[in-house]
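The following paragraphs lead through a protein model by way of selected side chains and the partners that surround them. Please keep the sequence and the structure in view while reading.

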2 protein chains.
Amino acid sequence: MPELRRDPVVDRWVVVAPDRRNRPRDEAGGDPVLRGDPAVCPFCPGHESETTREVYADRPEGSAGDDPAWTLRVVTNKFPALVAGGDAETRSEGLLERRNAGGAHEVVIESRDHAAEWSELSAEAAERTLFAIRARMRAHAADPRVRHVQAFKNHGPSAGASLEHGHAQLIATPFVPATVREELDGAERHWRRNATCVYCDLVDEERRDGRRVILDAEGFLAVAAYAPRVSHEAWILPAEHRASFEECDDASLRGFARVLRETIARLRDALGRPDYNYLLHSAPCRERGLRPYHWHVEVLPRSARAAGFEWGTGIHIVTTPPEEAARTLREARI
Amino acid sequence: MPELRRDPVVDRWVVVAPDRRNRPRDEAGGDPVLRGDPAVCPFCPGHESETTREVYADRPEGSAGDDPAWTLRVVTNKFPALVAGGDAETRSEGLLERRNAGGAHEVVIESRDHAAEWSELSAEAAERTLFAIRARMRAHAADPRVRHVQAFKNHGPSAGASLEHGHAQLIATPFVPATVREELDGAERHWRRNATCVYCDLVDEERRDGRRVILDAEGFLAVAAYAPRVSHEAWILPAEHRASFEECDDASLRGFARVLRETIARLRDALGRPDYNYLLHSAPCRERGLRPYHWHVEVLPRSARAAGFEWGTGIHIVTTPPEEAARTLREARI
């Protein structure tokens, strides 16, 4: 079973998952080797027996689970970082703490089409992915051992994808991860000081300023992040205050799908189809009503890699000013 | 002038440095293009006019600054992330804070040999690099505007190097970076609870346990990190309690040089000459006597890249258990 270990000095947990070495990629050589050939792709129709059993699917009436007639499937990752089961106890030996990596790690196979990039799917197919993510987040939130669900996408080898066929992922953790905790703390601090939500205030300020706005539609604002970790980092902020993605209604998810698709399409046009990640930040489970938090998505096109300075200090260096990034993205041809 | 910007929600600063786009590398294409040819390498002897003027050098008696008779040179980075000058004031517009990126960014050109990797230099040449880093850290520490100096090395394109000729770097910042602050806080917490240094306790514990020890020599312990961010992450901990690298005497630096060289040599043998970073963690400037802190170096061979889960949560996933990494590294042939 994979293991969670805590750094002896700082509040940083890592997952040690030796079984992930069996993934179809070559970690030692640096970049992953993508299994690009649909004939051997475990996510292509007809290869259902090469994945674990589906936990969710969109399929025509009458078709049975794990048969090839699906339009979208969610399966447990075959090489999971976190897994169901095991006890939740933390074990300490002096300074050193560890616990079972109990949780879940799922893959959303977005479509039947091996080569389709997410933003190029039909509106309906793109929406389907987000409905699947919402359904799985709700399912995990019902598990009392799960405290947070991180949904994300790795597109392309330099963004960490080990399979080419388009997919998103969900990882459920038994605690609130540090990065999410920092956002919760920042939002809480702002709320105590101003009695307003920092993300709501940011939406107002960015709309008023206008220089970093990429797109404002359907109740969602896409902006070039003011303090980006990579050049052209984009944030998508719902104008409506809501702590959790799971709380969104269908109409809202459809509007979000359009703005996310268009933002990614603009990044792809402007930057020559870069690899990218998107990260869905949502409140911890069972804190739906959490007043100061506000769900959102961060999109990171991959260009420069983090180097020694970033690893040593946490300070990222970018070369494109966000105001220029937003201008480029507004002018992209999609 | 480059700019420091603070994230509106969390305590994360980034540097926006548009001039760094003029570096001899191709950021848009993903991986940097190394200028590998010594004939056009600005760090090779005879090309001194292609760098800024040297701020420190090892050269034979009688040779003049910036002439080609050097054995080691330190110059200001031609495309700096942080620069001297500018006012230190923070400017706020509503939620958004920024300030001039005042500080320093220097390059230590380790040797005359274009192709030499640091751990393959002679003992004397390797020591020379560390003496240069200590001298420049001391010089920056004397500047009241500087609060911290991060020394580090990027070896190879996937570790963020944009030039092939072996070099280390120093970046001086006007505040204590978040990652360093977290370590200081963790060490302070441990001190309050136990009245001991967490790093001293870790040295004792790792020596007693033995499973993660790579090398124990010259008063320095090299261990596979208990909670690594990348597989085979190694830490080098001085057994003697000292907050700052700058405080080390010559004998201690020589011992450290040997242990760092041997650790990197073992990583290179075991992992097939991977790209790597080393990060020197030292106390903030003018806090030399800082009781709970303990300088050390972290070495990160680059294998898998951080993907969406790591960016979203701060939780890294590794596949090699540290106990196995240490065994492999102990058995490496150097």
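Apart from residues up to four places away in sequence, I133(A) touches V108(A), A151(A), A168(A), L170(A), F245(A), Y278(A) and L280(A), where contact means heavy atoms within 4.5 Å. I133(A) belongs to helix α1 of chain A; helices (H or I, at least four residues) and strands (E, at least two) are DSSP runs, numbered from the N terminus. With a relative accessibility of 0%, I133(A) counts as buried; buried means under 20% relative accessible area, exposed over 50% and partly exposed in between, computed with a 1.4 Å probe on protein chains only. The C-alpha atom of I133(A) lies 25 Å from that of N100(A), and 33 residues separate the two along the chain.

The model is predicted: local features need pLDDT of at least 70 and side-chain atom pairs count only at pLDDT 80 or more, while totals for chains, interfaces and linings use all residues. Residues are numbered from 1 along each chain as its sequence is written, chains are lettered from A and ligands numbered from 1 in the order in which they are written, and side-chain values use heavy atoms, with hydrogens and water left out.

T173(A) offers a second view of chain A, from strand β9 (residues 167-173). Its relative accessibility is 2%, so T173(A) is classed as buried. Neighbours within four places in sequence aside, the contacts of T173(A) are L82(A), R145(A), V146(A), R147(A) and H148(A), together with F309(B) and I315(B) of chain B.

Charged side chains come next. Side chains of opposite charge can pair when their charged atoms come close. A salt bridge is counted when a side-chain nitrogen of Lys or Arg is within 4 Å of a carboxyl oxygen of Asp or Glu, and the count over all chains is 69. One of these joins E324(B) to R21(A), with 2.8 Å from N to O. This pair crosses between chains: E324(B) is in helix α6 (residues 322-331) of chain B, and R21(A) is in the loop between β2 (13-16) and β3 (54-58) of chain A. E324(B), at 25% relative accessibility, is partly exposed, and R21(A), at 37%, is also partly exposed.

Other salt bridges lie within a chain. E106(A) and R136(A) meet at 2.7 Å, N to O. The pair connects distant parts of the chain, since E106(A) is in strand β7 (residues 104-109) and R136(A) is in helix α1 (residues 123-141), 30 residues apart. E106(A) is buried at 3% relative accessible area, and R136(A) is buried at 12%. In chain B, R73(B) and E54(B) form a salt bridge of 2.8 Å, N to O. R73(B) is in strand β4 (residues 72-76) and E54(B) in strand β3 (residues 54-58), so this pair ties together parts that are 19 residues apart in sequence. R73(B) is buried at 1% relative accessibility, and E54(B) is buried at 17% relative accessible area.

Salt bridges also link E3(A), R5(A), E93(A), R98(A), E206(B), D209(B), R211(B), R212(B) and E323(B) in a network. R5(A) has a further partner: its charged end sits over the ring of Y226(B), 4.6 Å from the ring centre. That description requires NZ of Lys or CZ of Arg to be within 6 Å of the ring centre and within 35 degrees of the ring normal. The charged end of R5(B) likewise sits over the ring of Y226(A), 4.6 Å from its centre.

Aromatic rings also pair with one another. Rings of Phe, Tyr and Trp (its six-membered ring) pair if their centres lie within 6.5 Å; planes under 30 degrees apart count as stacked, over 60 as edge-to-face and the rest as tilted. The whole structure contains 18 aromatic pairs over all chains. The ring centres of F256(B) and W295(B) are 5.0 Å apart and their planes stand at 85°, so this pair is edge-to-face. F256(B) is in helix α4 (residues 250-271) of chain B, and W295(B), 39 residues away in sequence, is in the loop between β13 (276-281) and β14 (296-301). F256(B) is buried at 0% relative accessible area, and W295(B) is buried at 1% relative accessibility. In chain A, F220(A), F245(A), F256(A) and W295(A) form one aromatic cluster.
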